Every structure is written in C-alpha cells, then in structure tokens.
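Here are a few short exercises to help you find your way around a new structure. Try each task by yourself, then follow the solution step by step.

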Amino acid sequence: YVSAGIGSSAPLGSFDLRRIGVAVSDRPSDKDQYDVVLLPTDDFPFAMATSLTNLLEGETHLRIRAVLNIGTAAWTPDRDQYDIEKLVAISRPTIAQLRRAYGVKLYILLTTRDINFSNRTLRFVFSGNLPDDMVSVVSVARMIPEGVSSQEGRFRLGDRLHKMVLRTIGLMYYHLPRTSDPADLLYSPLM
C-alpha cells in the first residue's frame, strides 16, 4: 500500500464543520495536546497514516497525530477474522501511555486485517467504535478494490479510508448523529 490517493473532493454530506459550529479556535492550545491519535497496527503502512493525518487536520481543524505502529503479535484471528475488542484490549497499555503524554480524546486504530466484533452478528465490518473507551478500529481489508496495484486502485483505497476515518471522527469525536441518506458520509448502516 502507498499513501498516494489519500484525499477526496467528494461531498461529505452533513459533516460540514461550518454547519455544526466548529471553529478553528476549538483546538487545544497546548502544543503537546492532541484531539485524535491514529494508531496503525504493525501491518498498516505508517506513511499512509501520516498522509491521512495531514489531510484530516486540514479538514477537521483538530490536532491529529499518527504514532508509530503498535505490535499486535497477540492478536490472532477467530475463524479468518480479527476481533475488534481483542485489539483494543491489547492496545490499552499503549493508549494509556499516550493519553498521559498527549491528553487525547479519541484513538483510531488502523489495520489491513479483516475485522469483526466478537458476537459476529454481521458478516464483516469496515470499522468498529467503542464509545466508552473512545477507541475505534478501522480496517482497509474490505475496502481494497480489485487491481489495488494500479494507481486508480490505490486512489480508491485511500479515498475509502479517508472517508471512513472522517466518518469515525464525526461519530466519535463530534457525536454527530447517523443518517439515513445514502449520499451522506454518516449514512448508516454501511453494508
């Protein structure tokens, strides 16, 4: 995977920060404080997380940081899919350290592995949110279009990842409601 293609000119529906009254001045003033941390797992390209961070900061006016990849050797699959709750449990010590250092409100774990919740009520998920922990997991496993080795495929993957992480910020950080409009970034359910 490469970072090329991260970005979108597509309309983002109700996730227009001007419409919900978010101002640039809402950012923390302390230079070492962050609103959101992107935490890639060891299988996810750090360069892609960094590119995504730069794009999202400009769009959301939040302080966002990508940190170095987290080791996930203890994260093993259950029947071809990886349990979201297990990844969050493995990540808790790292997240606790980062919270102390940066005062972060939301953590978004990024992975290339196919994920699901432990109850498996759905065949697969693109992302999972754990609001009590203020942690989300986003996977690109099911976002990868055919021909991902092509430039167009990389752009489509980057575009999908960008939208999913932006959607996660809208739902988890800003607590925006889901919508029934399929053209909206916050449309739910995603199938």
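**Exercise 1. Is Y34 buried or exposed, going by its relative accessibility?**

Solution. Keep in mind that this is a predicted model. Step one is to look up the value: Y34 has 12% relative accessibility. Step two is to compare it with the cut-off, since buried means under 20%. Y34 therefore counts as buried.

**Exercise 2. Work out how the rings of Y34 and Y102 are arranged, and what parts the pair ties together.**

Solution. A pair of aromatic rings is described by the distance of the centres and the angle of the planes. Start with the distance: the ring centres of Y34 and Y102 are 5.3 Å apart. Next comes the angle: their planes stand at 85°, so the pair is edge-to-face. Now place the partners: Y34 belongs to the segment before β1 (36–40), while Y102 is in helix α2 (residues 84–102). The pair therefore ties together parts that are 68 residues apart in sequence. Y102 is buried too, with a relative accessible area of 17%.

**Exercise 3. Describe the surroundings of Y173, starting from its ring partner Y174.**

Solution. First, the structure holds three aromatic pairs, and one of them joins Y173 and Y174. Their centres lie 5.0 Å apart with the planes at 80°, so this pair is edge-to-face. Second, check the burial: Y173 counts as buried at 13% relative accessibility, and Y174 is buried with a relative accessible area of 16%. Third, look over the face of Y173, where K105 lies at 4.6 Å from the ring centre. For another charge over a ring, turn to Y82: the charged end of R113 sits 5.2 Å from the centre of that ring.

**Exercise 4. Determine how helix α1 and helix α3 cross, and which residues meet there.**

Solution. Begin by locating the helices: α1 covers residues 46–60 and α3 covers residues 151–173. Their axes come within 11 Å and cross at roughly 50°. The two helices are therefore oblique to each other, and the crossing is right-handed. Finally, list the contacts: M48, L52, L55, L56, E59 and T60 in α1 meet L157, L161, H162, V165, L166 and I169 in α3.

**Exercise 5. How many helices and strands does the protein have, and what pattern do they follow?**

Solution. Count each kind: there are three helices and seven strands. Then read along the sequence, which gives β-α-β-β-α-β-β-β-β-α. To round off the picture, 48% of the 191 residues count as buried.

Conventions. Residues are numbered from 1 along each chain as its sequence is written. This is a predicted model: local features need pLDDT of at least 70, side-chain atom pairs count only at pLDDT 80 or more; totals for chains, interfaces and linings use all residues. Side-chain values use heavy atoms; hydrogens and water are left out. Rings of Phe, Tyr and Trp (its six-membered ring) pair if their centres lie within 6.5 Å; planes under 30 degrees apart count as stacked, over 60 as edge-to-face and the rest as tilted. Helices (H or I, at least four residues) and strands (E, at least two) are DSSP runs, numbered from the N terminus. Buried means under 20% relative accessible area, exposed over 50%, partly exposed in between (1.4 Å probe, protein chains only). A charge sits over a ring if NZ of Lys or CZ of Arg is within 6 Å of the ring centre and within 35 degrees of the ring normal. Axes are lines fitted to C-alpha atoms, for helices over the stretch in contact, and angles run from 0 to 180 degrees between N-to-C directions. Angles under 35 degrees count as roughly parallel, over 145 as roughly antiparallel, 65 to 115 as roughly perpendicular and the rest as oblique. A crossing is left-handed if the near helix is turned anticlockwise from the far one by less than a right angle, and right-handed if clockwise. Contact means heavy atoms within 4.5 Å.
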